[in-house]
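Open the model in your viewer and keep the selection tool at hand. The stops below follow one another, so take them in order.

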Amino acid sequence: MTRSVFSRSQFNSKTIIKVPILLGLVTSLSACGQSSQKTLVLTGSSTVAPLAAEIAKRYEAEHPGVRIDVQTGGSSRGIADARSQVADIGMVSRSLKSEESDLTANSIARDGITVILHGNNPVKSLTNEQIIGIYTDKINNWQEVGGNDAPITVVNKAEGRSTLELFADYFKLENTAIKADTIIGDNEQGIKTIAGNPNAIGYVSVGAAEYNVEHGTPIKLLPVNGVEASTETVRNGTFPISRPLNLVTSGAPQGLSEEFVKFAQSSQVKDIVEEQYFVPISQ
């Protein structure tokens, strides 16, 4: 609330009469300002969140009366919060499942998932069988796959992350079969872990990994099944592990949610999507 500041010399009889009137006016104006403020809450996927946050900044700039609050927590949180309407919109980095038919998915971009290593690791590629062997602890030294004589640090995603679901599904891995040394949450945590450990292996969003490489982070993306991991191969459909990035609502989006979803799907934000190294749905 705006507060008026007066010096001692200003506290004469006339001032005392005017202060309550002034404070009442300020309070009324503040209340009017608050009532006109609209808030939209988005929760969920750490892959979608940075993109949604940048889109939200542009939307807020064009709509001064709107505030958009973007929170992470994983796709499972996005699903749960949208379903219970704790959040207006859930961010989910995968397609909806058959049991989630009560929700509506609104795609705003596409992304892929790839394996990453430290930039100094001499290994340039791994077969699907080698990746499965590493994640099930059948292969536990880099020397076994053409690298240095060093133990492999396996980095895995936490339960409830759609990146884990897609990775495990593609490589036909049961979560219980994965033998991880380190469990991480979001993409940035995974990237920082790999960048800080020359013997680590992990998997993250292609877009997030490309963005970090472009900004000097010492990691490298490995091809999957012989296909280069890049925004371009996700765009042309040749990369084998790809997914939609969705804004999810309980039923069809309404009101401010609908307006924001349409904005996020429009050509007005294509440049933001590309700057985040994702594939726009608006070509």
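Which residue caps the N-terminal end of helix 7? Select Ser205: one of its side-chain oxygens lies 3.2 Å from the backbone nitrogen of Gly207, and this caps the helix. Bear in mind throughout that the model is predicted.

**Helix 7**

Next, select residues 206-214, which form helix 7. Buried residues here include Val206, Gly207, Ala208 and Ala209, along with Glu210 and Asn212. To see what surrounds them, add strand 4, helix 6 (187-195), strand 7, strand 8 (219-221) and helix 8 (231-235); the buried residues of helix 7 pack against these elements. Then move to Gly216, just after helix 7, where phi is positive at about 90°.

**Strand 7**

Go back to residues 200-205, strand 7. Is this strand enclosed or open? Of its 6 residues, 6 are buried, so the rest of the structure largely encloses strand 7.

Now show its pairing partners. Strand 4 (103-118) pairs with strand 7 in the antiparallel sense, over 5 bridges. For a place to look, pick Ile116, whose bridge partner in strand 7 is Gly202. Strand 5, residues 153-157, also pairs with strand 7, but in the parallel sense and over 2 bridges. Here pick Val154 and its bridge partner Ile201.

**The largest nonpolar core**

Keep Ile201 selected and add Leu126, Ile134, Tyr135, Trp142 and Phe167. These six touch the most other members of the largest nonpolar core, which has 31 residues. Which elements each supply at least two residues of this core? They are strand 4, helix 4 (128-135), helix 5 (162-170) and strand 7. Helix 5 gives the largest share, 4 residues.

For a closer view, centre on Leu126. Leaving aside residues up to four places away in sequence, Leu126 touches Ile131, Ile134, Trp142, Val145, Ile201 and Leu222. A second core, separate from this one, has 26 residues; to find it, select Leu245, Leu247, Phe260 and Ile272, which are among its members. As a general background, nonpolar side chains in soluble globular proteins tend to be buried together.

**Aromatic rings**

For the last stop, show the aromatic side chains. How many aromatic pairs does the structure hold? There are 8. Select Tyr135, Phe167, Tyr170, Phe171 and Tyr203 to see a cluster linked by ring pairs. Tyr135 and Phe167 were also picked at the previous stop, as residues that touch the most other members of the largest core.

Notes: Residues are numbered from 1 along each chain as its sequence is written. This is a predicted model: local features need pLDDT of at least 70, side-chain atom pairs count only at pLDDT 80 or more; totals for chains, interfaces and linings use all residues. Side-chain values use heavy atoms; hydrogens and water are left out. A nonpolar core is a set of buried Ala, Val, Leu, Ile, Met, Phe, Trp, Tyr and Cys residues joined through side-chain atoms within 4.5 Å. Buried means under 20% relative accessible area, exposed over 50%, partly exposed in between (1.4 Å probe, protein chains only). Contact means heavy atoms within 4.5 Å. Two strands pair if DSSP finds at least two bridges between them. A polar contact is a pair of N or O atoms within 3.5 Å; within protein, one must be able to donate a hydrogen and the other to accept it, and residues adjacent in sequence count only if both atoms are side-chain atoms. Rings of Phe, Tyr and Trp (its six-membered ring) pair if their centres lie within 6.5 Å; planes under 30 degrees apart count as stacked, over 60 as edge-to-face and the rest as tilted.
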